[in-house]
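Colleague: I have a model open in the viewer and would like a close look at one part of it. Please start from a single residue and work outwards.

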2 protein chains.
Amino acid sequence: MTLQNDLLLRTARGELTERVPVWMMRQAGRVLPQYRAVREKAGNFITLAKTPELAAEVTIQPVDAFDVDAAIIFSDILVIPEAMGLPYEMVETRGPVFPQTVRSSADLASLRIADAESDLGYVLDAIRLTKKELNNRVPLIGFAGAPFTIFCYMTEGKGSKTFSIAKKLLYTDPNFAHVLLRQITDSTINYLKAQIRAGADLVQLFDSWAGILSPEQYRIFSLPYIRQICDAIAEMENSVPLTVFAKGAYFARHEIGQLACNIVGLDWNMDPAESRALVPNKVLQGNLDPCALYSDFGQIRAEVKQMLDVFGHQHYIANLGHGIYPDIDPDKARCFVDAVKELSGV
Amino acid sequence: MTLQNDLLLRTARGELTERVPVWMMRQAGRVLPQYRAVREKAGNFITLAKTPELAAEVTIQPVDAFDVDAAIIFSDILVIPEAMGLPYEMVETRGPVFPQTVRSSADLASLRIADAESDLGYVLDAIRLTKKELNNRVPLIGFAGAPFTIFCYMTEGKGSKTFSIAKKLLYTDPNFAHVLLRQITDSTINYLKAQIRAGADLVQLFDSWAGILSPEQYRIFSLPYIRQICDAIAEMENSVPLTVFAKGAYFARHEIGQLACNIVGLDWNMDPAESRALVPNKVLQGNLDPCALYSDFGQIRAEVKQMLDVFGHQHYIANLGHGIYPDIDPDKARCFVDAVKELSGV
């Protein structure tokens, strides 16, 4: 049961390590031709995510292709609304769409707190199967969306540049917003605990839309719910390390660094040195501009070297500052991973 | 020729004033029913922008409706690509689209440096007409997009969440990027100088997509060109104050504050007190969350009060942190303006 490569977990726990661990957000996905083949076979995204055998297969693909130091379970943050009673559809080129939305207290009646085993068993099965098939090669990362980001989709009903419908509710009906956020939070705690019991070795919270909030609103409508999740996971028996990645919430780095999490994820706008100063007591993860992987191989190595120079080689997990873009050459992704390994080794 | 209300200009020049001046980005536009009537009459956005009589009419509408301390000429930042030889179309619900794009040095052959009088005469005519019809009630603001933002549209061809095509070019063909940025910069300098000669009392640069760049790339591909524009405007005879509004470029506030501009615009993510510390020597402008105008009247006043408390009442121009959203109740916009006036007066 011992992991052959537990570098990520040792780093996550704050230990000094022989080199910097590396993985890539969205590494299991369209960047790999072998993913696109499985996706084709499944017919659509949601079927792929709901079929544990296929989800496990695409989860492991980047471990083979890129030799990354972790796998991350193939799934979507929007499984939580669905498990709460609000199903979504994935529309090609448009992204996720919710046929129904939740915009008032009356709409809450149709929702429930998600029960992980009964509502999200397919993700837990995928985690168990992936763990088995990974055969202890590398740790498996589980994840969920942060409550405010999930709130955005459940109220807005689709992606948006401004999420002005979601944000409007924070001003016009804050009580409703807090009730829904609490339900999402409780569902997410159930879900992450179940992921950990199913075998996830580390979990990450994605607050993808953190950056649309003012600092003041972030402190009211996002941070308290992330805090509840961090506390619940930290207090559970046989817990695992937790990462908080709040894209765009540069203004909240210091406060995020004071949560009961182990790792703080940074997007590519966030200056590494400044982030170290704001978050002195956590492991940092990030943050190469995903577009840097359009560069040639030599330049990617140079970008990685510079990133390692500013972050340092300890208490640090190398990653991109956002999910890898689907049109990146897989050889460039491999170059990124290899460069981290070569340039950060002792 | 003396302005009846020159509060904005006195504040812009760094003078102490009797109250805080206020206007709203996108105040001339869809938020007003009387705008939508003129837009209907014109048939489409581009015709409206190109007809000086109509552009002047909608420019003045918010001065009447909201009693703001400035008018801003009704136009679009994408008139510059068109004046350089790259026309755009405005597609309902999708936004601007460029049938042709510029993605390599070969594509540059079809472009020219814009000559303001011959290529953008309709904007200059609209400015002259607006000045006449405003009859010195309030100052008139001119504007242009910052070169990097214009570069994004010219290369990507349309709006995008990531502008990954535009950003890819920064990595794969930086020489091409710099040549195009220089052409845009030269065109923009011609354009802003002509706006000032036509009567603009203040000009604002919008770097709407600043936030997609890493701090390092911002220093290479955006800031130097904004600097050239600031210097050129500062050095011209009978110059006017200049505002730089770089949405999302929180990491560059200190450097923007050292440019030859008078005013630094802030989006709603940027903390006012922190911004004052980073930009101690400029007038600040901003930054209420545009969604705050969905609140009720009492809460809007409370939000304005809090904003005035943190910015202080001097060296400050009240505004939203982004353009007003089209579905805001005009009475709420008026409430915002009135609250600034009442709560910041001596």
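Where in chain A does A:Asn135 lie?

Modeller: Bear in mind that this is a predicted model. A:Asn135 is in the loop between α7 (121-134) and β4 of chain A. Its phi is near 55 degrees, a positive value in a residue that is not glycine. That is worth a remark because most residues other than glycine have a negative phi. A:Asn135 is exposed, since just 9 other C-beta atoms lie within 10 Å, and the cut-off for that class is 12 or fewer.

The loop leads to β4, and from there to the sheet. Chain A has an open sheet of seven strands in the order β1-β4-β5-β6-β7-β8-β9, with parallel pairing. At its edges are β1 (71-72) and β9 (316-320) of chain A; each has a single partner strand, so one side of each lacks a neighbour in the sheet.

Strand β4 (residues 140-145) of chain A runs parallel to β5(A), and five bridges join the two. Within that pairing, A:Ala144 is opposite A:Leu205 of β5(A). On to the next strand: β5(A) and β6 (residues 242-246) of chain A are also parallel and joined by five bridges, with A:Phe206 having A:Phe245 of β6(A) as its bridge partner.

Strand β5 (residues 202-207) of chain A is largely enclosed by the rest of the structure, because six of its six residues are buried. In a regular strand, side chains alternate between the two faces of the sheet. Here A:Leu202, A:Gln204 and A:Phe206 point one way from β5(A), while A:Val203, A:Leu205 and A:Asp207 point the other way; all of them are buried. Helix α12 (residues 223-235) of chain A lies across β5 and β6 of chain A, at about 175 degrees to β5(A).

Towards the β9 edge, β8 (residues 283-288) of chain A is joined to β9(A) by five bridges, again in parallel, and A:Leu288 stands opposite A:Leu320 of β9(A). Strand β8 of chain A also contains A:Asn287, and the peptide bond from A:Gly286 to A:Asn287 is cis, with omega near -15 degrees. Chain B has a cis bond between B:Gly286 and B:Asn287 too, with omega about -10 degrees; B:Asn287 is in strand β8 (residues 283-288) of chain B.

Next, the helices of chain A. Two packed helices are described by the angle between their axes and the distance between the axes. The axes of α8(A) and α10(A) come within 9 Å and cross at roughly 120 degrees, and the crossing is right-handed. From α8(A), A:Pro147, A:Phe148, A:Ile150, A:Phe151 and A:Met154 meet A:Ala177, A:Leu180, A:Leu181, A:Ile184, A:Thr185 and A:Thr188 of α10(A). The residues of this contact comprise nine nonpolar, two polar and no charged. Helix α9 (residues 164-172) of chain A has A:Ala166, A:Lys167, A:Lys168, A:Leu169 and A:Leu170 as its buried residues, and these pack against α8 (147-156), α10 (174-198) and α11 (215-221) of chain A.

The last step is across to chain B. The contact between the chains takes 20 residues from chain B and 20 residues from chain A. On the chain B side, helix α9 (residues 164-172) gives the most, with five residues. That side divides into nine nonpolar, seven polar and four charged residues. Because 100% of the interface residues of chain B are also interface residues in chain A, the copies meet through the same surface. A turn of 180 degrees with a shift of 0.0 Å along the axis lays chain B on chain A with an RMSD of 0.0 Å. The two copies are thus related as by a two-fold rotation axis. In chain B, B:Lys161 has the C-alpha nearest that axis, 3.7 Å from it.

Chain B also offers a counterpoint to A:Asn135. B:Phe163, in the loop between α8 (147-156) and α9 of chain B, has a positive phi of about 45 degrees although it is not a glycine. B:Phe163, however, is buried, with 22 other C-beta atoms within 10 Å.

Notes:
Residues numbered from 1 in each chain as written. Chains lettered and ligands numbered in written order. Predicted model: local features only at pLDDT ≥ 70, side-chain atom pairs only at ≥ 80, totals over all residues. Contact = placed C-beta atoms within 7 Å. Helix = DSSP H or I, 4+ residues; strand = E, 2+ residues; numbered from the N terminus. Nonpolar A, V, L, I, M, F, W, Y, C, P; charged D, E, K, R; others polar. Least-squares fit on C-alpha atoms with pLDDT ≥ 70 in both. Buried ≥ 20, exposed ≤ 12 C-beta atoms within 10 Å, placed from the backbone. Pairing = 2+ DSSP bridges. Axes fitted to C-alpha atoms, helices over the stretch in contact; angles between N-to-C directions. Left-handed = near helix turned anticlockwise from the far one by under 90°.
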